[in-house]
Amino acid sequence: MYVIKSTPALMLAVAIALMPGMVLHGLQFGPAVWLQVGICLVAALLAELAAAFYRQVGLVKTLADCSWVPTGLLLGLSLAPLTPIYLDLLATIVAINLIKHGAGGMGQNRINPAMGGLMVVALAFPTLLYPAPSAHAPWLAQVDLAQAWQAILRIGPRLHFDAMASATPLANHYQGGFSVHWSVFGYLLGGLALAALRVIRLEIPLMLLASCALTCVALGESWADSLTELLYGGLMLAAFFIATDPVTSPVTFKGRLVYAALIGALIGTVRRFGLYPDGICIAVVLCNLLVVDIDRRMRPAVFGNPPAGR
Amino acid sequence: MQLNAEQSVRPVLSWLKQRVSVRDTQIESWRGGVHLPDQKHLSNRRHIRHAPLPRMLCVPLGWNGREAQPVVVPGQRVLKGQAIASGVGTAVWVHAPTSGIVKRIMPVPVAPGTQMPTCIVIESDGEDEWGMLEPLAREETSIDTLSAFLMQKGLVGLGGAGFPTGLKLKGGDRTIDTLVVNGAECEPFITCDDRLMRERALSVLQGVQVLANTLQVDRVRIGIEDNKPTAIRRMQEACAQIHSNIEVVEIPTRYPAGSLRHLVKALTGRTIPEGALPAAIGVTALNVATAFAVGQAVLEGRPLISRIVTVTGLCERPGNFEVPIGMGVRQLIGLALPQPDARGVHVGGPMMGESLAHRMSVVAKTTSCLIVGARSLLPPRPEPTPCIRCSRCADACPVGLQPMELFRASSNDNRPLLATLKINSCIECGACSYVCPSNIPLRDTFRQQKRAQAKR
C-alpha cells in the first residue's frame with residue numbers, strides 16, 4: 001500500500017528527491033552551490049552528534065532516524081552560496097539543536113527546522129550574505145572552488161559581486177524579470193516522484209503554488225508575471241519540500257489546503273509589499289505556528305458520532 | 001479506433017485523485033481502511049476436513065465470567081449433544097461434543113485469551129453416540145422462543161466476539177427490518193467462512209431463512225468480500241435454487257470490511273450511533289457461521305458442539321477442519337502437518353488476533369484460525385521511533401479518528417482530550433499500527449487506555 005514503509009526511509013527518500021534539483025542548480029550556478037550543500041550536511045551531522053551527546057539519547061538511535069539529512073540539504077539549498085561558514089553553523093545549530101532537539105527531538109518541533117535556522121541568519125545577518133544567484137547575472141558560475149572556499153572561510157578579499165544586498169535563493173525573483181532556474185524542473189520532478197510514492201501530500205504544493213499566483217494577481221501583478229513567479233527555484237523548493245514537512249503541517253486534507261493557501265498568500269504578499277525578500281521562510285514559519293489550531297478546528301467527524309465540535 | 005477525451009484523461013484523473021485524496025480508497029459507504037496481503041490461498045483450496053475424534057476433550061463452560069453451571073459429575077457417561085452445563089442468566093448451555101465419560105471439572109486455558117475458564121473434561125469412548133436431538137417446533141417461531149431455544153443449544157457468535165446469539169436476537173423487538181449476514185471475512189489468512197459458504201451454502205441459507213422468518217424482516221443481505229468469488233457464486237446459486245429474496249452483496253475487499261458497523265453501513269447505508277446496538281437502527285447482524293449453526297440447531301436440533309477452524313501458515317497441509325469444541329490446539333495443528341522449523345502460533349486473524357498464550361490451550365467456540373509459524377510470518381514490529389505526523393494512521397482509520405493525536409493524549413494520559421478525540425469509538429482494528437512508518441503500537445496503546453478507563 002505504501003512503497004516506503006519506515007520513517008528513516010521516508011527521510012532518505014526526500015533527500016534523494018532533492019538531488020535532481022540540486023544537481024541542476026549546481027550546473028547552472030557553479031560548484032559553489034554544491035559546496036554550500038556539503039557544508040550544511042556535515043554541519044547537520046555534527047549538530048546531530050552533539051545533540052546525541054548532550055541529550056544522552058544514544059548515538060545510533062538519534063542518527064538512525066535520518067531526519068538530519070533533509071534538514072542539512074534544505075539548509076544548504078536555501079542559504080545563499082558563499083555564506084560564511086560560521087553562519088552555516090549558526091543556522092544548523094538553530095535548526096537542529098534549538099528547534100528540533102530543543103522541542104524534544106524528531107516529530108516534536110512546531111516549526112520547520114531548516115526554515116527557522118534560515119530565518120535567524122537571514123534576519124540577523126543580512127549584510128554578511130552574498131546575493132542569491134540569478135540567471136540575469138550568473139556571476140556565481142565563474143567562482144571556482146578555491147575562491148568559494150576563501151569566501152566561505154572569509155580568508156580572502158570579499159568578492160565584488162554584491163551590488164545587491166542580502167537575498168537567499170528563496171527570494172531571487174527580487175531582481176524582477178524572467179529568469180529560468182534549471183533547478184525548478186529538478187524540484188518539480190523530485191516533488192512529483194515523492195507524491196507518487198506517497199511521501200508528501202500533493203495538495204500542499206498545488207494549493208501553495210495556486211494561492212501564491214492568485215495572490216500576486218490580486219495584488220495587481222499581471223497574470224504573466226504571477227505565473228513566471230512560480231518558475232523560480234526557491235518557490236518550487238518550498239512548495240514541494242519545505243511546506244510538505246509532515247511534522248509541521250496539518251494532519252487533515254482540509255487543514256492542509258488552508259495551510260498551503262495561507263503560505264502561498266503570505267509569500268505573494270511579502271514579495272509584493274515587503275522590503276525584505278525572504279518571504280518564504282517567514283511565511284512557512286508563521287503558518288507552522290498555526291498548524292495546531294488548524295488541526296484542532298478541522299477534526300473530522302468520527303463514525304457514528306455527531307460532527308466534531310471545537 | 002477512436003479514443004475519446006474522457007477515456008484518455010481518466011487514468012490521469014484517477015492517479016491525481018489517489019494522490020490528492022484524503023483517504024486511501026473511498027467507496028461511498030465508509031472511509032479509510034487498508035488493503036492487506038490476504039494470504040487466503042494458503043488454506044482455501046482444500047475441502048473442510050473432519051478432525052478425528054480426540055481421546056480427551058476439555059469443553060469450556062464460558063468466557064469473560066459468563067459461565068454455565070455443570071449438570072454432570074465426574075464418572076458420569078454423557079452422549080453426544082447432551083447438555084453438560086446449564087446456562088444461567090446470560091450464559092449459554094454447553095453440550096458434550098462426543099459420547100464418553102466425564103473425568104474432571106477444572107480450569108483449562110482456551111485459545112484465544114489468557115483466561116482459564118472452567119472446563120468439563122470428557123474422555124471419549126469412541127462410539128460418538130448421539131443423544132436425543134430436539135429440533136424447534138416450526139409453528140412456534142416467536143423471537144422469545146427462538147432466543148431461549150438458541151441459548152439452550154449453546155449458540156454464540158462464531159465471528160469472534162462470542163456474544164450469545166439468543167441475547168442478540170432478544171435485544172431487537174419488532175422494529176428490526178433488516179438482517180445483515182456477515183460473510184466478509186476481512187482478516188488475512190482466515191478462510192473458514194469462505195469454505196463454509198462454498199461447501200454448505202444451502203445450509204447457511206436455511207439458517208438465514210429461519211432467522212429472517214422469525215424476525216419478520218423486510219430485507220436480508222449477505223455481505224461477502226470480492227476476494228471470495230467462488231463463495232459469492234455458490235451463495236447466489238443457492239439463493240436462486242430456493243427462490244429466496246436473500247441478497248448476496250459483493251463488497252470491496254478492504255480491511256476492516258467485516259467490522260459490524262462497517263458492514264452494516266456498506267449493506268444498508270445506515271450508521272450505528274456510537275454506543276448503540278444495531279437494533280437501534282433496525283438491524284440485526286450475525287456471522288455466516290452463526291447462521292449455519294442456527295439452521296443446524298433449529299432444523300435438526302444439533303447443539304453447537306463443533307466449529308470450523310482454519311489451520312494455516314507454515315504447514316504441509318493447511319486447510320479448514322471441523323473441530324469438536326474442547327480439542328487441544330496442539331493436536332489440531334498436528335493435523336495440518338506443521339513444518340518442523342515453524343515457531344509460534346497465532347490465534348485469530350493477524351490484525352485482531354493474538355499469540356497463543358498457553359501450549360495446552362483448547363479450541364473454544366470463538367477459535368476461528370490458528371496461524372502456525374507466527375514468529376516468521378507475523379514477526380514483531382521493530383522498536384518504535386517518534387511520530388512524524390505523517391497522518392497515514394488518520395487515513396487508514398475506518399472510524400475517522402486521529403490516531404496520532406490519540407497517541408499523544410494517551411502518552412500524557414490526558415483524559416479530557418481522549419474523550420474529545422472519541423477514543424471509545426476505536427474498534428481496535430489495528431489499521432493504524434499497520435501503516436505506521438514509525439512502528440508505533442497505536443492500537444495496543446488505545447486498547448490499554450480503553451481498558452484502564454473502563455476499570456476506573
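Helices, in the sense used here, are DSSP runs of H or I that are at least four residues in length, numbered from the N terminus. The structure described is a predicted model, and the elements of chain A are considered before selected sites of chain B.

Chain A contains 13 helices and 0 strands. Read from the N terminus, its elements follow the order α-α-α-α-α-α-α-α-α-α-α-α-α. The chain has 310 residues, of which 56% count as buried. Its accessible surface amounts to about 12,000 Å², with 72% of that area belonging to carbon and sulfur atoms. When contacts in chain A between residues at least 6 apart in sequence are considered, 80% of them join residues at least 24 apart.

An annotation from UniProt, taken from an unreviewed entry, assigns "transmembrane region" to residues 6-27, 34-54, 74-99, 111-130, 179-197, 230-253 and 273-292 of chain A. Two of these spans are described here. Residues 6-27 are 95% helix and 0% strand, and the C-alpha atoms at the ends of this span are 33 Å apart. Residues 230-253 are 46% helix and 0% strand, with end C-alpha atoms 23 Å apart.

A nonpolar patch of about 450 Å² is present on the surface of chain A, formed by A:V42, A:L46, A:L49, A:L59 and A:V60. Two elements, helix 2 (32-55) and helix 3 (59-64), each contribute at least two residues to the patch. The greatest contribution comes from helix 2, which provides 3 residues; A:V42 is located in this helix. In helix 1 (residues 7-29) of the same chain lies A:Q28. Because its relative accessible area is 12%, A:Q28 is classed as buried. The side chain of A:Q28 reaches the backbone nitrogen of A:W182 at a distance of 2.9 Å.

In chain B, an unreviewed UniProt entry records the feature "binding site" at B:C397, B:C426, B:C429 and B:C432. These positions are spread over 36 residues of sequence, yet they cluster in space, the largest C-alpha distance being 10.6 Å. B:C397 occupies the loop between helix 11 (392-396) and helix 12 (403-411). With a relative accessible area of 8%, B:C397 is buried. B:C426 is placed in the loop between helix 13 (415-420) and helix 14 (431-435). This cysteine, B:C426, is likewise buried, at a relative accessible area of 12%. Apart from neighbours within four places in sequence, B:C426 is in contact with B:L401, B:F446 and B:K450.

Further residues of chain B were examined for their surroundings. B:H95 belongs to strand 8 (residues 94-95). Its relative accessibility is 5%, and B:H95 therefore counts as buried. A polar atom of the B:H95 side chain lies 2.8 Å from the backbone oxygen of B:Q152. With neighbours within four places in sequence set aside, the contacts of B:H95 comprise B:V59, B:G81, B:Q82, B:A83, B:I84, B:Q152, B:K153, B:G154, B:P303 and B:I305. The residue B:Q152 thus appears in this contact list and also supplies the backbone oxygen of the polar pair.

B:E67 lies in strand 4 (residues 66-67). Its relative accessible area is 28%, so B:E67 is partly exposed. Beyond its neighbours within four places in sequence, B:E67 is in contact with B:L61, B:G62, B:A91, B:P117 and B:T118. Of these partners, B:T118 is joined to B:E67 through a polar contact of 2.9 Å between the two side chains. B:P117 is 50 residues away from B:E67 along the chain, and their C-alpha atoms are separated by 7.8 Å.

B:F163 is situated in the loop between helix 2 (143-152) and helix 3 (165-171) of chain B. At 35% relative accessibility, B:F163 is partly exposed. Leaving out neighbours within four places in sequence, its contacts are with B:R66, B:V156, B:G157 and B:K168. B:F163 and B:T90 are separated by 73 residues in sequence, with a C-alpha to C-alpha distance of 9.4 Å.

Methods: Residues are numbered from 1 along each chain as its sequence is written. Chains are lettered from A and ligands numbered from 1 in the order in which they are written. This is a predicted model: local features need pLDDT of at least 70, side-chain atom pairs count only at pLDDT 80 or more; totals for chains, interfaces and linings use all residues. Side-chain values use heavy atoms; hydrogens and water are left out. Patches are made of residues with over 30% relative accessible area and no salt bridge: like charges are joined within 9 Å, nonpolar side chains (Val, Leu, Ile, Met, Phe, Trp, Tyr) within 5 Å. Accessible areas come from the Shrake-Rupley method with a 1.4 Å probe; for residues, only the protein chains shown count as cover. A salt bridge is a side-chain nitrogen of Lys or Arg within 4 Å of a carboxyl oxygen of Asp or Glu. Buried means under 20% relative accessible area, exposed over 50%, partly exposed in between (1.4 Å probe, protein chains only). A polar contact is a pair of N or O atoms within 3.5 Å; within protein, one must be able to donate a hydrogen and the other to accept it, and residues adjacent in sequence count only if both atoms are side-chain atoms. Contact means heavy atoms within 4.5 Å. UniProt positions are given in the numbering used here, feature names are shortened, and annotations may be inferred rather than shown by experiment.
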